[in-house]
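User: Please take a close look at the second largest cavity in this model and explain how much space it holds and what lines it. Then set it in context with the rest of the structure.

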Amino acid sequence: MSEHPNVALVRRGYEAFANADAETLTELIAEDAVWHVGGRNLFTDTYRGREAVFTYFRKLRDFTNETIAIEVHDVLANDEHAVALVVMTAQRARNELDSLATTSFHLRDGQVVEAWTFHENQYAADEFFSYRKHSQGRMP
């Protein structure tokens, strides 16, 4: 049985994120995409529009000094939705994040139009992405 095309789309997106491949991400993320990040940390927000999503991605990379890595465990998909099961790791100063996470995607015409990110241990993710824990007197 062959995999659904949206499985390949999501895997390609994670690979593009890992390689900071903005060209591929531009192809895969709709111009009017909405990306929801839950929790209570510096990145908790709803990012509206591709440029806002890209700014979020850049800030994640900067905040973690380019150490953020997302290993895809599995992707489940149908014609309109996909769910990625991942392990997110990152380092900042002496702190480390090692979190199971999921991102649910709404897809249309070969692009992500909306996404929701969830961490298995939201408290640990919030602590890692906290300004106060990692502050050096300025925002990242």
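Analyst: The second largest cavity holds about 80 Å³ of space, a cavity being a set of points on a 1 Å grid over the protein atoms alone where a 1.4 Å probe fits but cannot get out, and its volume the space filled by probe spheres set on those points. The model is predicted, so local features need pLDDT of at least 70 and side-chain atom pairs pLDDT 80 or more, while totals for chains, interfaces and linings use all residues. Residues are numbered from 1 along each chain, and side-chain values use heavy atoms, without hydrogens or water.

Among the residues that line this second cavity (an atom within 4 Å of a point) are Val 37, Phe 43, Tyr 56, Leu 60, Met 88, His 119 and Phe 129. Two or more lining residues come from each of α3, β6 and α4 (122-128), elements being DSSP runs of at least four residues for helices and at least two for strands. The lining divides into seven nonpolar residues, five polar and no charged, where Asp, Glu, Lys and Arg count as charged.

The structure holds two cavities of 30 Å³ or more, and the largest contains about 270 Å³. Of the 21 residues lining that largest cavity, Tyr 14, Trp 35, Phe 57, Ile 70 and Phe 105 are the closest to its centre. Helix α1 gives the most to this lining, with five residues, and the residues there divide into 18 nonpolar, three polar and no charged.

Helix α3 also carries Arg 61, which is buried at a relative accessible area of 13% (buried under 20%, exposed over 50%, partly exposed in between, with a 1.4 Å probe and protein chains only). Arg 61 forms a salt bridge with Glu 66, their closest N and O atoms being 3.2 Å apart, the rule asking for a side-chain nitrogen of Lys or Arg within 4 Å of a carboxyl oxygen of Asp or Glu. Glu 66, by contrast, is partly exposed at 47%.

The count of salt bridges comes to three. In one of them the side chains of Asp 74 and Arg 11 meet at 4.0 Å, N to O; because Asp 74 lies in strand β3 (residues 69-77) and Arg 11 in helix α1, the pair ties together parts 63 residues apart in sequence. Another joins the side chains of Arg 12 and Glu 27 at 2.9 Å, linking helix α1 to helix α2 across 15 residues.

Terms used: On a 1 Å grid over the protein atoms alone, a cavity is a set of points where a 1.4 Å probe fits but cannot get out, and a pocket is an open set with protein on both sides within 12 Å along at least five of seven lines; lining residues have an atom within 4 Å of a point.
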